[in-house]
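Work through the exercises below with the sequence and the structure at hand. Each task is followed by a solution in steps.

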Amino acid sequence: MHRNATLSIATLVLAGGGFAFAADAGTEDAATDRRQLVDMPAETQAMMRKEMRDHLLALSEIMAYLAANDVSTAAEVAEARLGRSSMGKHRGTRKGKGPGKFMPKEMKKIGHGMHDAASRFATVAESGDLQKSYTALNDVVAACAACHTSFRIR
Ligand code: HEC
């Protein structure tokens, strides 16, 4: 347990690459929020937030499948909804307004890291090793956290 917690913080620091993540959730307001504001059109914001809610849902499903020892469905969900296969899924319908276009380099890098981590998790989960699967899943969650602690869109 302790080892994993340490690991996850290390990954967070690596992925966050020096961005501020000292947010004090209890007292945060506009003046103390040190996340970088990323400007995007309202339409793009809505798109991104919708995707984000699906990310969380996918994560929840993946954990439920892992808990039920159904590693191959966990892998399938991860690859399709979070992995590299999920990238550019909406390209045709977005008319150049997809969130990627508005993201600073570092944010994009964390985003790509998350997709890579999800695809890696899928491969590891397919191998059936639950312990390794949890470790790989931790990299995915650490990327979510790294981005959220560094960037905001409103
Ligand atoms: C590359 C950056 C990045 C990554 C990676 C990322 N997010 Fe987000 N996410 C954001 C930003 C920015 C917001 C909007 C914050 C704000 O409201 O300003 C957000 C918002 C959200 C929201 C709130 C949606 C809403 O309706 O407001 C959820 C839930 C969420 N993310 C889940 C996740 C999960 C789960 C993962 C990982 C599987 C993840 N995110 C990965 C950047 C990211």
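**Exercise 1. The classes of residue around the ligand**

Task: In this predicted model, how many residues of the shell around the ligand are nonpolar, how many polar and how many charged?

Solution. Step 1: sort the shell by class; 12 of its residues are nonpolar. Step 2: the rest of the shell consists of three polar and four charged residues. Step 3: the residues that come nearest to the ligand, out of the 19 around it, are M52, R53, C144, C147 and H148.

**Exercise 2. Where the shell comes from**

Task: Find which elements supply at least two residues each to the shell around the ligand, and which of them gives the largest share.

Solution. Step 1: the elements that each supply at least two residues are α2, α5, α6 and β2 (151-152). Step 2: α2 gives the largest share, with seven residues. Step 3: as for the site itself, the ligand sits in the largest pocket.

**Exercise 3. Polar atoms beside the ligand**

Task: Which side chains place an N or O atom 2.8 Å from an oxygen atom of the ligand?

Solution. Step 1: the side chain of R49 has an N or O atom at 2.8 Å from a ligand oxygen. Step 2: for R154, the distance between a side-chain N or O atom and an oxygen of the ligand is also 2.8 Å. Step 3: add R53, which has a polar side-chain atom 2.6 Å from an oxygen atom of the ligand. A polar contact needs N or O atoms within 3.5 Å, and the distances for R49, R53 and R154 meet that cut-off.

**Exercise 4. The chain as a whole**

Task: Give the number of helices and strands in the chain, and their order.

Solution. Step 1: count the elements, which gives six helices and two strands. Step 2: read them from the N terminus, where the order is α-β-α-α-α-α-α-β. Step 3: turn to burial; 32% of the 154 residues of the chain count as buried. Step 4: take the contacts between residues at least 6 apart in sequence; 76% of these join residues at least 24 apart.

**Exercise 5. The buried side of α3**

Task: Which residues of helix α3 are buried, and what covers them?

Solution. Step 1: helix α3 spans residues 71-81, and its buried residues are V71, T73, A74, A75, V77 and A78. Step 2: the cover over these residues includes α2 (42-67), α5 (105-126) and α6 (130-150).

**Exercise 6. Two residues of α2**

Task: Is H55 buried or exposed, and what is the class of L57?

Solution. Step 1: H55 lies in helix α2. Its relative accessible area is 15%, so H55 is buried, the limit for that class being under 20%. Step 2: leaving out neighbours within four places in sequence, H55 is in contact with R81, L82 and M114. Step 3: L57 is also found in helix α2. Its relative accessibility is 47%, so L57 counts as partly exposed. Step 4: R81 is 24 residues from L57 in sequence, and the two C-alpha atoms are 9.5 Å apart.

**Exercise 7. A loop residue**

Task: Where is N69, and is it buried or exposed?

Solution. Step 1: N69 is in the loop between α2 and α3. Step 2: with a relative accessible area of 53%, N69 is exposed, since that class begins over 50%. Step 3: check the backbone; phi of N69 is near 65 degrees, a positive value in a residue other than glycine.

**Exercise 8. Pairs far apart in sequence**

Task: How far apart in space are the C-alpha atoms of G111 and A143, and those of H148 and Q36?

Solution. Step 1: G111, in helix α5, is partly exposed at 22% relative accessibility. Its C-alpha is 7.4 Å from that of A143, with their positions 32 residues apart in sequence. Step 2: H148, in helix α6, is partly exposed at 47%. The C-alpha atoms of H148 and Q36 are separated by 9.9 Å, although the residues are 112 apart along the chain. Step 3: beyond its neighbours within four places in sequence, H148 is in contact with R35 and M52.

Definitions and conventions. Residues numbered from 1 in each chain as written. Predicted model: local features only at pLDDT ≥ 70, side-chain atom pairs only at ≥ 80, totals over all residues. Heavy atoms only, no water. Buried < 20%, exposed > 50% of the residue type's maximum accessible area, 1.4 Å probe, protein only. Helix = DSSP H or I, 4+ residues; strand = E, 2+ residues; numbered from the N terminus. Contact = heavy atoms within 4.5 Å. Near = heavy atom within 4 Å. Polar contact = N/O pair within 3.5 Å; in protein donor to acceptor, adjacent residues only side chain to side chain. 1 Å grid on protein atoms, 1.4 Å probe; cavity = no way out; pocket = protein on both sides within 12 Å on 5 of 7 lines; lining within 4 Å. Sits in = over half its atoms within 2 Å of the grid points. Nonpolar A, V, L, I, M, F, W, Y, C, P; charged D, E, K, R; others polar.
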